[in-house]
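Biologist: Hi! Could you pull up the structure so we can go through it together?
Modeller: Sure, here you go.

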There are 2 protein chains.
Amino acid sequence: MDHIAKRIAVLGSTGSIGRQTLEIVRVLRDKFQIVALAAGRNTDLLVQQALEFRPNLVYFEEGISSKPDCLDFCTFASLEEIAGHPNVDLVLVATSGKAGLNPTIAALRARKQVALANKEVLVSAGNLVMAEACHAGIDILPVDSEHSAIWQCLRGERTAEIERLVLTASGGPFFRYGHEAMSGITPEQALRHPTWQMGKKVTIDSATLMNKGMEIIEARWLFNVALSQIEVVIHPGSVVHSLVEFRDGSVKAQLSPPDMRLPIQYALTYPERLPNDQLPRMKWDTPMSLSFEKPDWTRFPCLTLAREAAEKGDTYPAVLSAADEEAVELFLAHRIGFTDIAKIVEATLEKHEPVENPALEAILEADAWARQFTADWSLNKL
Amino acid sequence: MDHIAKRIAVLGSTGSIGRQTLEIVRVLRDKFQIVALAAGRNTDLLVQQALEFRPNLVYFEEGISSKPDCLDFCTFASLEEIAGHPNVDLVLVATSGKAGLNPTIAALRARKQVALANKEVLVSAGNLVMAEACHAGIDILPVDSEHSAIWQCLRGERTAEIERLVLTASGGPFFRYGHEAMSGITPEQALRHPTWQMGKKVTIDSATLMNKGMEIIEARWLFNVALSQIEVVIHPGSVVHSLVEFRDGSVKAQLSPPDMRLPIQYALTYPERLPNDQLPRMKWDTPMSLSFEKPDWTRFPCLTLAREAAEKGDTYPAVLSAADEEAVELFLAHRIGFTDIAKIVEATLEKHEPVENPALEAILEADAWARQFTADWSLNKL
């Protein structure tokens, strides 16, 4: 395999993760071939990317009704067609929200490597997706910095010897704010993340710590551990991306300057690690201090809501994910306040009537119900 | 192998590492059987240990001329006989100074697992010892916390993908002292290490940073990297025991509260990790700050001397090790000052006439020459 380029489909190529994936491919040209690009809203950029990388397949969600002449070398295809296409070796799922779910399942069924950057896929349907992965004999490759860190720490180790996974959280821009100050937070403030440059949805989720709550759920599925084995610590520097404690008391951590290109590249090149001088390096000749403290679960109710939804299981995590996605949209549109995000999610979870051991249809129904409930709730309250 | 106890020979059983090894064996009784104990000066404790663990073989360096009646179940044997004995599966070399060299080679030639806690073995004769290990197809299991950390970080990783090994150093009790203050340091002050409880020799070596310099040499041999790939950082907390940077920029670290029982147990149980509730745990609900800064190579000349000796190679590292051992003895006996340790080692290295690609005899000769030179130098200067 060493001299054959890995053929990659990038779903969500115009988002933050998608663009950084293409940066990696630009540097490691001989290792990868982009065979499919798919994007939602930013069609101009998608056309540009297609002209540069010349994929066989493209997907536009909206904005272009007919294929531009300049893309005559591409075939249009649905996300599921791309994910299962015979010319694809690895599918990078970097869509946002529930859009990633069906293509992830399609890719697993076609026994493709799946690099997963979309949180909601495992949060909403972890049980189902992991069953598909297990059936196909495919390991899902995490792209998130935290899960990539855990995955790296587990290299060569035995899952049965894990005592605890410790997810680090930057704490976002407001982790020292009191209750009062929090209610006045604007979208503009919340979008200014202290350490990470990311998409809007995940940046707001980082500020509420919902992001970390969803990562608890993802970690549970990716690494097959009990929820009680997953801890969260606040680490404002975002240098230690997560840690694993083993049953002998030894702890392993993965560190790097905060830059998503490293976990993306690791997922693409795994099990190899390739040199890339574009990636930032730790500086050992500069003083560095790394601090850790426990999160305040009451000031960040989203963290608690996520853990509770995970404990209840069934369709609760799907509802959590859908309600949060809608609530974040409302917040970004200045229609609700920052602290209303948790309130809407909580109210939606409270009213939800769960479906036990849900199949895909039940999950999608719960998702749709939660979105409707969230919209109604916000209309009534505002 | 799971239900057969591993048969262990502890060379240096009354020292700090030896005693902690027996603590581990006490907890994991069904996993290990102590078949041999060997000690130097502390014969009372050795008799006690033998009565408790009932080894087949014992070795006393001095103090008892005939075997006490209470040990009628033991056979006396030399260190080399013990290391190569058919009833031994793993030899823990926890002697201090050059005493570990011959038994290590004997154990490797007899194809035993070797857990190495003795620094001087690899410092003096790394080339030879690694050639023996390679020939026997045996990996040397490091017991030092730093090398254990690197070894753990390298589990499942590829040696060719290592960019850098980063050894952490507590800095010892004096790492903020100025030149002036250093010359007045007494053995009593130097023996008070801020984070580690260890034997006297290694505690003084920690205070001069000679210990870290010798670890550079060990790491080079254990992990087959160039000296230029080994970095030292001061980390006063002694929680991060060392780090590995890979060529993609990712860094892995191993952490645990400073307690030698963890690396000892890891070497004994490898590749398994076993639960042991006697071992301290990291506390994730307590704020923690880990700081790192570069060492001051001029205030700690031993670090520079060790690196230079390693770069020169041949018999220089053996001379470094021997001169340091003698100098530390002189310091502990209040016969020289703290800063004289580096001066003696430097003077000895300067006068040394090296032997290229030394065999064992040449190494032992260089060692003897260095000890004599050190003794003479100190007599002339004092």
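Biologist: Is A:E350 buried or exposed?
Modeller: A:E350 has a relative accessible area of 61% in this predicted model, and over 50% counts as exposed, so A:E350 is exposed.

Biologist: Where is A:E350 placed?
Modeller: A:E350 lies in helix α14 of chain A.

Biologist: Which residues gather with A:E350 in a patch of negative charge?
Modeller: A:E308, A:E311 and A:E346 join A:E350 in that surface patch. Two or more of the patch residues come from each of α12 (301–312) and α14 (340–351) of chain A.

Biologist: Switching to salt bridges: how many does the structure hold over all chains?
Modeller: There are 60 over all chains. One of them pairs the side chains of B:E215 and B:K212, at 2.7 Å from N to O.

Biologist: How far apart are B:E215 and B:K212 in their helix?
Modeller: They are three residues apart in helix α10 (residues 210–223) of chain B, so about one helical turn separates them. Both B:E215 and B:K212 are buried.

Biologist: And what does B:R158 meet in a salt bridge?
Modeller: B:R158 meets B:E161, at 3.6 Å from N to O. B:R158 is partly exposed at 35% relative accessibility, whereas B:E161 is buried at 3%.

Biologist: New topic: what turn lays chain A on chain B?
Modeller: A turn of 180° with a shift of 0.0 Å along the axis does it, with an RMSD of 0.0 Å. The two copies are therefore related as by a two-fold rotation axis.

Biologist: Which residue of chain A comes closest to the rotation axis?
Modeller: That's A:G156, whose C-alpha is at 2.0 Å.

Terms used
Residues numbered from 1 in each chain as written. Chains lettered and ligands numbered in written order. Predicted model: local features only at pLDDT ≥ 70, side-chain atom pairs only at ≥ 80, totals over all residues. Heavy atoms only, no water. Patch = residues over 30% accessible without salt bridge, like charges linked within 9 Å, V, L, I, M, F, W, Y side chains within 5 Å. Areas by Shrake-Rupley, 256 points an atom, 1.4 Å probe, with all protein chains shown as cover. Salt bridge = Lys/Arg side-chain N within 4 Å of Asp/Glu carboxyl O. Lys, Arg positive; Asp, Glu negative; His and termini not counted. Charge placed at Lys NZ, Arg CZ, Asp CG, Glu CD. Helix = DSSP H or I, 4+ residues; strand = E, 2+ residues; numbered from the N terminus. Buried < 20%, exposed > 50% of the residue type's maximum accessible area, 1.4 Å probe, protein only. Least-squares fit on C-alpha atoms with pLDDT ≥ 70 in both.
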